[in-house]
Structures are given as C-alpha cells and as structure tokens.
Amino acid sequence: MLDIKYIIANKELVRDGLAKKGYEKIINIDELEQLYLNINKLKTSSQSMSEEKNKLSNSIKSASNEERPAIIAKSKAIGEELKKELEELDKLQAEFDLMMLKMPNMPSPESPVGPDDSANVVRRKVGTPRAFDFEPKDHVELMEMNDWSEMERIAKVSGSRTYAIKNELARLELAMHMLVLDKLTANGFTTITVPSISKEKPLYGQGYLPFSRDEIYYLPQDDIYLSGTAELILNSLRADEILNENELPILYAGFSPCFRREAGAAGKDTRGLTRVHQFMKTEQFVICKNDIAESEKWHQKLLAISEEVLQDLELPYQVLEVCTGDMGAPKYRQYDLEAWVPTQNCYRETHSCSNITEWQARRTNLRYRDNADGKVKYVHTLNNTGIATPRVLVPFLENHQQADGTVRIPEKLQPYMMGKKFIGKNAK
RNA sequence: GGAUAGAUGGCCGAGUGGUCGAAGGCGCACGAUUGGAAAUCGUGUGUACCCCCAAAGGGUACCGAGGGUUCGAAUCCCUCUCUAUCCGCCA
C-alpha cells in the first residue's frame, strides 16, 4: 500500500510508476484523489455532527425535566442524519480501500523498465556450465536408476504435481535445509518454524490478495488458506505492533511446507521435481528501519547469502535483475537467482529476492518508533528464498551426476550427509 | 464436537449506562535531591484521522473484532476471533 498523501503530492511520479509496472489501466489516480477528497468532506461534516450530538447527550444529565425531552428529540434527529452520512462514508471508504489495495508499490529507479520477463537483465553469471564427456541424464532418469523416487505411484495417491523421494535423496533434501539454516543462524537470523495455514487477512497483508486468488488453496469448511510461503506468515507475525527501533532489524529464517495450486502453469514443467503443489522452503525474511539505504543494504545482503548457498552447492548460476513489468505488485526491487540445468540447456529459478520497502508494512500496520525523531514509522520488509526443495534438486542432481549415475556431494554439504562424497547405487 | 470462564493502555489491574482516553500500581522519559548511586519527590507518558497554508489550537474514533439497543455504551444484547479449564474425539 502507498500513502495517499504521497500519491496526491506526486501524481506524475506515481503515474510513471504505474505505467512501468503495467497498472496504468487498472488504477485511475484522478478518480482515487476525488474519492479521497469526497471522503474527507464527509468526514468533516459527520464529525461536526458527532460533536454536536455528544454535547447534547452530555447536557442531558444536568438538564431539568422540562428541557430534557426537547434535547433528546434534537439529539435523536441529528443521530438520524448522521447515520445516513456514515452509511455513505462507509460506502466510499470501502471503494477507496479496495483501490488502495490494488495500488502496486513504486519500482526502484535502478530496476530495468519493461513489460515482461523479456526485459529482465542478467547482472552476472557465476560458475561455468559443466562440459560433459558423456550424455547427461535428466533428474528424473537419475532418480529412477538410483531408486530415489516414487513419482508414478505417488501421482496415483496424491495426484499430479506431487512428489515422493526416498533413500539418500530424501536425506539430501533435508540436509540442504539444515545447511541453509546453519548459514542463516551464523548471519544472526532467528530460526522459526511456522504453520502452513493462514487466515485471509495475512494474504492481503502480504499483497497476494486481491491479486491472485486462483493460486491459493482454500479450505471452505474451516475458512482457512494454505500458505504458499513462510513470507506470508512472517509478514503478519508482528502485525499491528509498534516496535522499538532497538529491536530492528528482525531477521527470520522461516521453515515451512508450502502449497501452491499452480493454476496458471498448466502444461508447464509437468515432469519431475520442478513445479509441484507442495514443497519445503526455508525463507529469509527481514524487518528493518524505514530507510531506503538501509533496506537496499539488506537486499544486497540477502542476495549475497543465497548466492553463497548456490556456491556451497557448487551450482553455476546467474543473477537476474527483474524488470518493472515482471516483478509483481508488492515489490520495489527484485533479483532472481537461476541455476544451470544441463538437460534443459538453460538457467532455472531457484531464489527470488525482493525489497518490499514499506508497502507490506502499511498493509499489516507494522511500525516502529524512530529513536532519532521519536516518530512512529512503517518498517521496511524484505524476503528471499533460503532454499526451496525439491526444485533445487533438479540442477543439483544434473550438474553433479557422474557417468555411472552416481551424484557427487559438494564438500560444504558432506557434513550434513554423514560425510558421503557420492550417493547412488554405484557409489562406494 | 459439548460445557464453563475470560479478553481494558508497554505491563499488572479498577471500572456494570452519563465530563472514562479510561482510577491505582509498575515500567519508561525528563527534572529535583545526592560527591555518585539507590531510595524519595515532582512532571510527563497511546494510536489513527479530520479542520487549519503551517504552528498553535479545536474536533472525531478506538477498552479483542464486527453489528445492535439507547439522547448517551468499556459497561446491556447478538455474531465472530482468540485464551484457559473440563468432557468427548484423536486415522
């Protein structure tokens, strides 16, 4: 959410931001401003009516028996009129609130401008895609030959886009989370496991609603939603609080199962572990001061941590700076990390790192008191993948496979795999 | 699923229809006292919004959330959420 006063004072800037994000046809700023002005007019008049009514009510106690009926009648009459105004006010306010909920964040001036993913910019490539001296197998073949999965059987039990992996691969999945949790702990993050169920309100707080309802699992019997990421939960964990500046920054390493309907992905990535309805994610989430230099610093820090994760896993990757039209409503600035997948001959997303500035905090009403000027301000929030499995297993298995079908375990991961250097049926 | 009790400011806690934004205490901030500290004393201590060019000032709303009754609600009624306890259930 943006500040309406900021919007009105910076109409051209906001219009420009809307255009860059592809929202210029969805949000009409003049309409929004007019609505705001009408609401204020109504507020002013209804508040002065309330004032008069309060004064009358307070005078009743000390009024004589003769004057009392007249005062009551007058107060009642004002009450009727006031009720009508308040109904009108509620209507306008609801309209205004919805428009504000649909207003995207303004993009960073650093972000590349463009309508869709074709305008995303590769900032750097790290590591070199491996030259195989044999024909590399894809991750599904590797899983089959090593008895690492039950993909066909689990589809019968749980439906499409689900996965079951077993033996060393199942342990590898959990090992990766432990590696990342250790790294985040070393960086001062608080490890936290959170539920995967959520009420509706946090979905508005995160900014997933009112935009993408189709992507969310909903349980009508309990009026509850399944979370697609721990970001959803962590973003609302401190909602409505006024934090002490000394508590900041708050760094969460949140682990949770994640659920996504993948309704808009029909036909895409149907093979294997790339895109599934339920997966596990360790999420990096930061709450910091309302200072763009500070949150941009944290944005780079989160990016650096996830790059280090891919380096620990010894995966070649590229850092993509996401353009204004591709980054989604909540975001100020976004990087994606993509790891090299040999059999697809391309980089595929493993991490998504975003600075949300105060856009989410305005929705969750999460603030802090600034030490310097004593004022209450909205915090900045940021989020990034720590690691998401099983998706990352795709580049991992394919990049580290050997000619005999075994898979090499990078050194940094070996302590989490009982010291093993290779896994697979032919591993010694 | 059934039953009971409860939810008040940063915290504890009083308040069952009328100057209650809310007693009292704790905490916190500032000041006095002190060589310094403790103790003590004094003062202050919510948020959002509207009017106002702004400041000063004035006003409205908020006692878990939403609705209702009333001239008037923290207080009465309804619905919901959450917490605690007991019973039942627990692949």
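Select M178 first, which is found in helix α7, residues 168-186. The model on display is a predicted one. At 43% relative accessibility, M178 falls between the buried limit of 20% and the exposed limit of 50%, and therefore counts as partly exposed. Next, add R68 to the selection and draw a line between the two C-alpha atoms. R68 and M178 lie 110 residues apart along the chain, and their C-alpha atoms are separated by 74 Å.

**The whole chain**

Now display chain A in full. Along the principal axes, its C-alpha atoms fill a box of roughly 105 × 45 × 45 Å. A cartoon view coloured by secondary structure should present twelve helices and 16 strands. Chain A has 428 residues, and 50% of them count as buried. If a surface is switched on, chain A exposes about 20800 Å², of which carbon and sulfur atoms supply 50%. Consider also the contacts between residues at least 6 apart in sequence: 72% of these join residues at least 24 apart.

**Helices α2, α3 and α4**

Select residues 29-60 and residues 68-101, which are helices α3 and α4. The axes of α3 and α4 come within 8 Å and cross at roughly 155°. An angle over 145° counts as roughly antiparallel, so α3 is roughly antiparallel to α4. The crossing of α3 past α4 is left-handed. Colouring this contact by residue class gives 18 nonpolar, nine polar and ten charged residues.

Keep α3 in view and add residues 11-21, helix α2. The axes of α2 and α3 come within 11 Å and cross at roughly 130°; these two helices are therefore oblique to each other. To display the contact, show the side chains of K11, V14, R15 and L18 in α2, together with I29, D30 and E33 in α3. By class, the contact of α2 with α3 has three nonpolar, no polar and four charged residues.

**A covered helix: α12**

Move to residues 393-400, helix α12. How many of the eight residues of α12 are buried? The count is eight of eight, and the helix is mostly covered. The buried residues are L393, V394, P395, F396, L397, E398, N399 and H400. To see what they pack against, show α5 (139-145), α7, β10 (333-341), β11 (346-357) and β15 (407-408). Helix α7 is where M178, the starting point of this tour, is found.

**Two cis peptide bonds**

Two backbone features call for a stick representation. Most peptide bonds are trans, and most residues other than glycine have a negative phi. Just before α12, select P390, in the loop between β14 (380-389) and α12. A cis peptide bond joins T389 and P390, with omega about 10°. Then select P249, in the loop between β6 (242-244) and β7 (250-259). The peptide bond from L248 to P249 is likewise cis, with omega near -5°.

**Two residues with positive phi**

Stay in this region of the sequence and select D240, in the loop between α9 (230-237) and β6. Phi of D240 is near 70°, a positive value in a residue other than glycine. Is D240 buried, partly exposed or exposed? At 48% relative accessibility, it counts as partly exposed. D269 is another stop of this kind: it has a positive phi of about 50° although it is not a glycine. Look for D269 in the loop between β7 and β8 (278-288).

**T229 and its contacts**

Select T229, in the loop between β5 (224-226) and α9. T229 has a relative accessible area of 8%, which is under the 20% limit, and so T229 is buried. Which residues surround T229, leaving aside its neighbours within four places in sequence? T229 is in contact with Q206, S256, C258, R260, K281 and E283.

**R369, the last stop**

Finally, select R369 in strand β12, residues 367-369. With a relative accessibility of 43%, R369 counts as partly exposed. Not counting residues up to four places away in sequence, R369 touches I242, L243, E245, G374, K375 and V376. To end the tour, draw a line from R369 to G79: the pair is 290 residues apart along the chain, and the C-alpha atoms are separated by 38 Å.

Conventions: Residues are numbered from 1 along each chain as its sequence is written. Chains are lettered from A and ligands numbered from 1 in the order in which they are written. This is a predicted model: local features need pLDDT of at least 70, side-chain atom pairs count only at pLDDT 80 or more; totals for chains, interfaces and linings use all residues. Side-chain values use heavy atoms; hydrogens and water are left out. Axes are lines fitted to C-alpha atoms, for helices over the stretch in contact, and angles run from 0 to 180 degrees between N-to-C directions. Helices (H or I, at least four residues) and strands (E, at least two) are DSSP runs, numbered from the N terminus. Angles under 35 degrees count as roughly parallel, over 145 as roughly antiparallel, 65 to 115 as roughly perpendicular and the rest as oblique. A crossing is left-handed if the near helix is turned anticlockwise from the far one by less than a right angle, and right-handed if clockwise. Ala, Val, Leu, Ile, Met, Phe, Trp, Tyr, Cys and Pro count as nonpolar, Asp, Glu, Lys and Arg as charged, and the others, Gly among them, as polar. Buried means under 20% relative accessible area, exposed over 50%, partly exposed in between (1.4 Å probe, protein chains only). Contact means heavy atoms within 4.5 Å. Accessible areas come from the Shrake-Rupley method with a 1.4 Å probe; for residues, only the protein chains shown count as cover.
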